[in-house]
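Colleague: I'm new to this one, so please pick a single part and take me through it slowly.

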Amino acid sequence: MARQANALDMVRSSIQLSNLVWESQMVIAMRMMGMAGMWSVAATENEVMAAEKPTAFVKAAISAGEAATAGKRSDEVLNAWTRSMRRETGANMRRLAKRGPKFGV
């Protein structure tokens, strides 16, 4: 029988979710500044943004589904989903941050 989640497991899940939110907000901010001409983004960034969403959510759902069908605890299922999403948001944040703000015209 698997052990039950304890308070530390819940704190870890909370931290991972907080990091996901933070990374997502940073990506949104850089993309919005890119649309406003204040951040250097690729000309195809809007297409990339729209195309990546379905794939990222399907991958995360599959990860969570695999964890659930393997009999993992609810926090482990959540962590599987979060880990998958953070791979995407983290990669986007690093890629966009490298480009930096757009100075001048």
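Modeller: Let's start where α2 and α3 cross: the crossing is right-handed (the near helix is turned clockwise from the far one by less than a right angle; anticlockwise would be left-handed). This is a predicted model, where local features need pLDDT of at least 70, side-chain atom pairs count only at 80 or more, and totals for chains, interfaces and linings use all residues. Residues are numbered from 1 along each chain as its sequence is written, and side-chain values use heavy atoms, without hydrogens or water.

The axes of α2 and α3 lie 7 Å apart, at an angle of about 155° (axes are lines fitted to C-alpha atoms over the stretch in contact, with angles from 0 to 180 degrees between N-to-C directions). That is why α2 and α3 count as roughly antiparallel (over 145 degrees; under 35 is roughly parallel, 65 to 115 roughly perpendicular, the rest oblique). On the α2 side, the residues in contact (heavy atoms within 4.5 Å) include E45, V48, F57 and A68. From α3, W81, M85, R95 and L96 are among them. Sorted by type, this contact has 13 nonpolar, three polar and seven charged residues (Ala, Val, Leu, Ile, Met, Phe, Trp, Tyr, Cys and Pro are nonpolar, Asp, Glu, Lys and Arg charged, the others, Gly among them, polar).

So what is α3 itself like? It covers residues 74–99, 26 in number, and spans 38 Å from first C-alpha to last, close to the 38 Å expected at 1.5 Å a residue. Just after α3 comes G100, with a positive phi near 75°.

Several α3 residues are buried, including V77, A80, M85, M93 and L96 (under 20% relative accessible area, 1.4 Å probe, protein chains only; exposed is over 50%, partly exposed in between). The cover over the buried residues of α3 includes α1 (7–35) and α2 (45–69).

Now for α1. Its axis comes within 9 Å of that of α3, and the two cross at roughly 30°, so α1 and α3 are roughly parallel. Here the crossing is left-handed. The contact of α1 with α3 splits into 13 nonpolar, nine polar and six charged residues.

One residue to find on your screen is A97, which sits in α3. A97 has 43% relative accessibility and therefore counts as partly exposed. Setting aside neighbours within four places in sequence, A97 touches M30 and W39. Look at V27 too: V27 and A97 are 70 residues apart along the chain, yet their C-alpha atoms are separated by 8.6 Å.

Terms used:
Helices (H or I, at least four residues) and strands (E, at least two) are DSSP runs, numbered from the N terminus. The expected span of a helix is 1.5 Å times one less than its number of residues.
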